Amino acid sequence: MQLSFLGAARQVTGSMFLLQLEDGYQILIDCGTDMERKIDFEEPVEQKSFFPFDASLINLVILTHAHIDHSGNIPMLYREGYEGQILCTPPTADLAELLLMDSASLHLRRLKAAQGESRKKHKQMDRLLRKGDLYLQKDVENAMDNFVTLQFNRKFVVFPGLEITFVPAGHLLGAAHVLISVKENGETKTIGFSGDIGRTNYPLHIDPQPFPEVDYLVCETTYGNRIHADKDSPMDALGKVIQETCIDRPGRLVIPAFSVGRTQAVLYTLNKLIEERNFPAVRVFTDSPMGRSSTKIYSKYLSYLNPEAREFHKENDELFDVDNLIFLQTEKESKAIKDYREPCIIISSSGMISGGRVEQHIADNISNTYATILLIGYTAEGTLGRQLLAGTDRIVVKDREYKVNAQIRKIDVFSGHADQTGLLDFVKQQKPSKLKKIFLSHGEEESMLEFSSILNGLGFSDVILPQKEETFEL
């Protein structure tokens, strides 16, 4: 049996692992977009495959959760000949369809824009479409026809000798750790994939549940070298910022937030502040059509939320309907709030300020001394969010330079990833004497190195930091 690391190897995005059984049966765990991949417009179209494997030979795909860096390349699998199923939880299937359709819409807009531009640009976009760098709505529809959903903590027998179990991971609605049990030549081997590990006591999401002991473990390390700084609860932390920026003075608060997961956590926390602490109802604009759609999916799957959220819904008959909340749909509506003169909160994607409508809100408010930009999650290198946190005094948005006069603040209570302590809690459920190897993934190299050193000190002797496309025998 062999395990290959085809993505998220010494980097955070592009999760993709290939498990090949002794008889040749091939299982792909996640098939995510590599956000750091640079597109080469000059690369020949005649390349053999978008993937470093023959998609038609894959027998099964397992999806840990819906985020694009875990699901984003699934439509390309089918374009290249994959004909099997995608196993995931029910909420993951609904959220993945929403996110993949959004990606397809973005690809279509890029193609249409190219048609109105130079002949060279049009050829470049056509090359991307034929290569597989772009996919369209029909590709997503074809993929979604093959999604098969499984419930948490119920063993699924693929065939005698291969069993799969999803264990709640927190992090996102429906997110799962994956337990794979393989029996070959009379010997049973167990392999665990962490997916992305969530936090305890997070708004809406259930806590990560205990994971069984395994022989081999693949563990994410996004925050392998960091401890979440904020000790306040989400209500206390967010309430303090709103009080200081929109109530004590007539300012506006811009919160870059991912449409799926983070936006819902913020809206739910705002609602609790109003309902449970009689907090003043400041006008709230949510500027993300996808955010509205994903909010409906969260409301659909109440049984997958934590007990506190279910109880709040039982008492208030809703989770996200904040007083003075307005969902913005069109770009015209989005641009119009630039002229809104009262204190307000603007929640818009993307969370790293890398694309999306939030860029315009940043441009409109970054030079305003009465505005505050609140970063609430991880920001990657090269994003506007990372630049603002680094203290830059000028930024460039859509080829125009702006002076940074707004306050830049950060809280990490809404980060969906477990920090170093949470990751260690996950690994400590394994016995060093039983665990044969632990592979670290989904993290920057410096994060992996520090986390590896800590694990060595705890008695986990065989900790591996795979290189991309490196293969190991299990």
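In this predicted model, the side chains of strand β11 are split between two directions: Tyr216, Val218 and Glu220 point one way, while Leu217 and Cys219 point the other way. In a regular strand, side chains alternate between the two faces of the sheet. Whichever way they point from β11, these residues are all buried. The strand, which covers residues 216-220, is accordingly described as mostly covered, with five of its five residues buried.

A look at the neighbours of β11 helps to place it. Strand β10, made up of residues 187-193, pairs with β11 in the parallel sense, and three bridges link the two. One contact to look for here is that between Ile191 and Tyr216 of β11, which are bridge partners. Strand β20 (residues 437-441) also runs parallel to β11, and five bridges join this pair. Here Glu220 has Ser441 in β20 as its bridge partner. Glu220 is thus met twice: it is one of the buried residues of β11, and it takes part in the pairing with β20.

Acidic residues also appear in a quite separate context, the surface. Glu275, Glu276, Glu311, Glu315, Asp321 and Asp323 form a negative surface patch. Two helices, α7 (262-277) and α9 (307-316), are the elements that give two or more residues to this patch. Glu276 makes a convenient example, being found in helix α7. Is Glu276 buried or partly exposed? Its relative accessibility is 47%, so Glu276 counts as partly exposed, a class that lies between the cut-offs of under 20% for buried and over 50% for exposed.

Technical notes: Residues numbered from 1 in each chain as written. Predicted model: local features only at pLDDT ≥ 70, side-chain atom pairs only at ≥ 80, totals over all residues. Heavy atoms only, no water. Buried < 20%, exposed > 50% of the residue type's maximum accessible area, 1.4 Å probe, protein only. Helix = DSSP H or I, 4+ residues; strand = E, 2+ residues; numbered from the N terminus. Pairing = 2+ DSSP bridges. Patch = residues over 30% accessible without salt bridge, like charges linked within 9 Å, V, L, I, M, F, W, Y side chains within 5 Å. Areas by Shrake-Rupley, 256 points an atom, 1.4 Å probe, with all protein chains shown as cover. Salt bridge = Lys/Arg side-chain N within 4 Å of Asp/Glu carboxyl O. Lys, Arg positive; Asp, Glu negative; His and termini not counted. Charge placed at Lys NZ, Arg CZ, Asp CG, Glu CD.
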